[in-house]
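Hi everyone, thanks for making time this morning. I'd like to walk you through one structure at an easy pace, so please pull it up on your screens and follow along.

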Amino acid sequence: MRKQQLSRPREGIVQMCGDNGKFDAEEALWVRGVDYVTGWREAARAGAELGDALTAAGAEMAGAKLRAVSAADGSGVVRLEVSTATAREVAMLARVAAAKWRKGG
């Protein structure tokens, strides 16, 4: 198994997966009493939902990366990495959806 370097970014995120995106207990830095796995699992599910929703909305997701990680407090975090063009496309989709919600509400 290929090891991945871990770092603690300023926001206290602990990456808990290898290059394959699957949970790897050997890859994590642990603090006694913090449930990182539950947060990571929730982030993995939320990331899959986000990817599905963006694809359904028509966003170009080729080359996009969605990564589940866990914050220092054990909460889940989803990291989204997309091209500049896709970021602009997602922003436009969000603006359109927000305008529709405001009209309907």
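Let's begin at Leu-66, a residue of strand E2. Is Leu-66 buried, exposed or something in between? Its relative accessibility comes out at 33%, so Leu-66 counts as partly exposed. A residue is called buried under 20% and exposed over 50%, and whatever falls in between is partly exposed. Leu-66 also has company on the surface: together with Leu-50, Val-78 and Leu-80, Leu-66 makes a nonpolar patch of about 260 Å².

Before we go on, please keep in mind that this is a predicted model. Everything I mention today was computed from that model.

Let me give you the overall layout now. The protein chain contains two helices and three strands. If you trace the chain from the N terminus, the elements come in the order β-α-β-β-α. The chain has 105 residues, and 27% of them count as buried. About 7300 Å² of the protein chain is exposed, with carbon and sulfur atoms supplying 54% of that area. Now for contacts: if we take those with a separation of 6 or more, residues 24 or more positions apart account for 48% of them.

Back to strand E2, which covers residues 65–71. Who is its partner? E2 pairs with strand E3, residues 76–81, in the antiparallel sense, and there are six bridges between the two. One pair to look for is Arg-67 and Arg-79, where Arg-79 in E3 is the bridge partner of Arg-67. The two strands form a hairpin with four residues between them. In that turn you will find Gly-74, with a positive phi of about 95°.

Gly-74 has a link back to the strand as well. Its backbone oxygen lies 3.5 Å from a polar atom of the side chain of Ser-70. Ser-70 is in E2, and it counts as buried because its relative accessible area is 0%. Val-69 is in E2 too. At 0% relative accessibility, Val-69 counts as buried. As a general point, side chains in a regular strand alternate between the two faces of the sheet. Here is a nice example of the chain folding back on itself: Val-69 and Arg-41 are 28 residues apart in sequence, while their C-alpha atoms are 8.7 Å apart in space.

Next, let's look for charges. How many salt bridges does the structure hold? The count is one. The partners are Glu-42 and Arg-45, and their closest N and O atoms are 2.9 Å apart. Why can such a pair form? Side chains of opposite charge can pair when their charged atoms come close. Both residues lie in helix H1, residues 36–56, and they are three residues apart, about one turn of the helix. Glu-42 has 45% relative accessibility, so it counts as partly exposed. Arg-45, at 47%, is partly exposed as well.

Now please follow the chain into the loop between H1 and E2, where Met-61 lies. Would you call Met-61 buried or exposed? Its relative accessible area is 17%, so Met-61 is buried. Leaving out residues up to four places away in sequence, Met-61 touches Leu-54, Thr-55, Leu-80 and Thr-86. You may remember Leu-80 from the nonpolar surface patch. Met-61 and Ser-83 are 22 residues apart in sequence, with 8.8 Å between their C-alpha atoms.

One of those contacts, Thr-86, takes us to helix H2, which covers residues 84–104. Thr-86 counts as buried because its relative accessible area is 4%. With residues up to four places away in sequence left out again, Thr-86 touches Glu-60 and Met-61. What about Ala-85, which also lies in helix H2? Ala-85 has a relative accessible area of 56%, so it is exposed. Ala-85 and Glu-60 are 25 residues apart in sequence and 8.6 Å apart in space, C-alpha to C-alpha.

If you'd like a starting point for your own tour, try the hairpin of E2 and E3, then visit the salt bridge of Glu-42 with Arg-45. Thanks for listening, and I'm happy to take questions!

Terms used: Residues numbered from 1 in each chain as written. Predicted model: local features only at pLDDT ≥ 70, side-chain atom pairs only at ≥ 80, totals over all residues. Heavy atoms only, no water. Buried < 20%, exposed > 50% of the residue type's maximum accessible area, 1.4 Å probe, protein only. Polar contact = N/O pair within 3.5 Å; in protein donor to acceptor, adjacent residues only side chain to side chain. Contact = heavy atoms within 4.5 Å. Patch = residues over 30% accessible without salt bridge, like charges linked within 9 Å, V, L, I, M, F, W, Y side chains within 5 Å. Areas by Shrake-Rupley, 256 points an atom, 1.4 Å probe, with all protein chains shown as cover. Salt bridge = Lys/Arg side-chain N within 4 Å of Asp/Glu carboxyl O. Pairing = 2+ DSSP bridges.
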